[in-house]
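Open the model in your viewer and keep the selection tool ready. This tour goes stop by stop, with something to select at each one.

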Amino acid sequence: MGAGHSHEPSETLPPAPPDLRRIVTLVIVPLVVATLIGLIVLWPRGETAQQPSDTMARLHGEVVAATPPCPREVPAQPGGDCGTAQVRVGGETVDAVVPTGPSAPQVAVGDKVVLISSPDAQGGQRYAVVDHDRWGWLLALVALFAAAVIGFARWRGVASLVGLAVSFGVLLLFILPAIQRGEPPLAVAIVGSAVIMFAVIYLTHGVSVGTSMAVLGTLAALVLTGLLGLLCTHLLHLTGAGSDEAAILTNVLAGVDLRGLLLAGIIIGTLGVLDDVAITQLAIVGELSLADPTLSARRLYRSAIKVGRSHVASVVNTIILAYAGASLPLMLLLVTAGTRTRDVLATQVMAAEIVRGVVGTLGLIAAVPITTALAAWAISRAHRHRVSAVPPEQRPMQG
């Protein structure tokens, strides 16, 4: 037993009796085995489907001299070049053109940039600045993030960062390559999300009956999310097409299942929030039982669900605004074109974003009562076992 104000489930939950541990083991172990089998079956093998290689090479360098871009009153021709820069690449300095356009990079002396190199008509090399090199600042930002997490959460923060690394590892080494090689996106997302869920929850919060309740609640909500996603995409006739990214993918990866990719995105995007909600509800039930060990499972559930409702009410707004923010440029484009609100929301791309937000939120709502009920049942059972193990003469007087 830990401190009364701890929000770490492993510190607030009573020891589980042997029969409860056996029940949980009989449920969790087959799920873990099924996940490992799915991981083996869907693991990416063979050659990667990629775009045909071209003669352009990407280089990194630093701007040592630059001329200003074309003035706004005298714009360059569409697709033309505007301005030049001298860029130090390795031990040599090359002349590079700076393209024009609203999205073209604005460079100055000292900037780290990305160049592309391609053969010119005279048999030499032509260089062009295509973007800023952000790698150094990204590493600094990640280091600041890691320092803040570890400084505040100490060893628990280290475990959280390890879990985050596992999540990105599964995404980059399994989910994306498997989809790229033609595996069903929905099946890949389910297996990948299960791997992330088991690894992150158990790594961050320890292996116990309590965290297993959070795992089961998260898994149940994920299944519900996937089923709702299937239903909604069918009823709304969503194919996953309509965006520029989808158009590019159909050319790069022939036969890619765009609808399955949409469903995979919904599941993966919902997983992180489900983890947070499930662990929070588990901790709440643990704290309530610590404050009053005599509470029954029903009373534990009723008390904890009140906090869960407040949590859901705040997170719902967060999820919807996050999806709306990601779609803001598209919404602005459609509104600027004079499209009516009804027609804007009914487009393939906007309807897909609405489905992402709504289905993810419904999965989140489902996770709260499921996890709370599982945690209340397990904790009340553990308390009954602990009380029954105490001789009658040593039990506290009731009433």
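## Stop 1: a pocket and its lining

Select H3 to begin, as the largest share of the lining of the second largest pocket, ten residues, comes from this helix. Keep in mind that this is a predicted model. H3 covers residues 135-180. Now add helix H4 (185-205) and helix H7 (258-291): like H3, each supplies at least two residues of the lining.

What is the volume of this second largest pocket? It is about 560 Å³. The pocket is lined by 23 residues. Show Leu164, Ser167, Val200, Gly272 and Asp275, which are the closest of these to the pocket centre.

Next, colour the lining by class. There are 14 nonpolar residues, seven polar ones and two charged ones.

## Stop 2: three helix pairs

Two packed helices are described by the angle between their axes and the distance between the axes. Use both values at each pair below.

Keep H7 on screen and add helix H5, residues 209-235. These two pack at about 150°, and their axes are 8 Å apart. Are H5 and H7 roughly parallel or roughly antiparallel? The cut-off for roughly antiparallel is over 145 degrees, so H5 and H7 are roughly antiparallel to each other. Their crossing is right-handed.

Hide H7 and bring back H4. H4 and H5 pack at an angle of about 160°, with 10 Å between their axes. H4 is therefore roughly antiparallel to H5. The crossing of H4 and H5 is right-handed.

Now swap H5 for helix H2, residues 18-42. H2 packs with H4 at about 130°, and the axes of the two are 9 Å apart. H2 and H4 are therefore oblique to each other. Which hand does the crossing of H2 and H4 have? That crossing is left-handed.

## Stop 3: arginine 22

Stay on H2 and select arginine 22, which lies in this helix. Arginine 22 has a relative accessible area of 52%. Exposed means over 50%, so arginine 22 counts as exposed.

Then pick valine 209 as well. Arginine 22 and valine 209 are 187 residues apart along the chain. Their C-alpha atoms are separated by 9.8 Å.

## Stop 4: positive phi at two residues

Go to arginine 154, in helix H3. Check its backbone: phi is positive, about 55°, although arginine 154 is not a glycine. Is arginine 154 buried or exposed? It is exposed, with a relative accessible area of 59%.

Move on to histidine 237. Where is histidine 237 found? Look in the loop between H5 and helix H6 (244-252). Histidine 237 has a positive phi of about 55° and is not a glycine. Its relative accessibility is 63%, so histidine 237 counts as exposed.

## Stop 5: valine 358

Finish in helix H11, residues 348-388, where valine 358 lies. The relative accessible area of valine 358 is 41%. Exposed starts over 50% and buried lies under 20%, so valine 358 is partly exposed.

Select isoleucine 320 too. In sequence, valine 358 and isoleucine 320 are 38 residues apart. In space they are 7.7 Å apart, C-alpha to C-alpha.

Key:
Residues are numbered from 1 along each chain as its sequence is written. This is a predicted model: local features need pLDDT of at least 70, side-chain atom pairs count only at pLDDT 80 or more; totals for chains, interfaces and linings use all residues. Side-chain values use heavy atoms; hydrogens and water are left out. On a 1 Å grid over the protein atoms alone, a cavity is a set of points where a 1.4 Å probe fits but cannot get out, and a pocket is an open set with protein on both sides within 12 Å along at least five of seven lines; lining residues have an atom within 4 Å of a point. Grid points are joined across faces, edges and corners, and a volume is the space filled by probe spheres set on the points. Helices (H or I, at least four residues) and strands (E, at least two) are DSSP runs, numbered from the N terminus. Ala, Val, Leu, Ile, Met, Phe, Trp, Tyr, Cys and Pro count as nonpolar, Asp, Glu, Lys and Arg as charged, and the others, Gly among them, as polar. Buried means under 20% relative accessible area, exposed over 50%, partly exposed in between (1.4 Å probe, protein chains only). Axes are lines fitted to C-alpha atoms, for helices over the stretch in contact, and angles run from 0 to 180 degrees between N-to-C directions. Angles under 35 degrees count as roughly parallel, over 145 as roughly antiparallel, 65 to 115 as roughly perpendicular and the rest as oblique. A crossing is left-handed if the near helix is turned anticlockwise from the far one by less than a right angle, and right-handed if clockwise.
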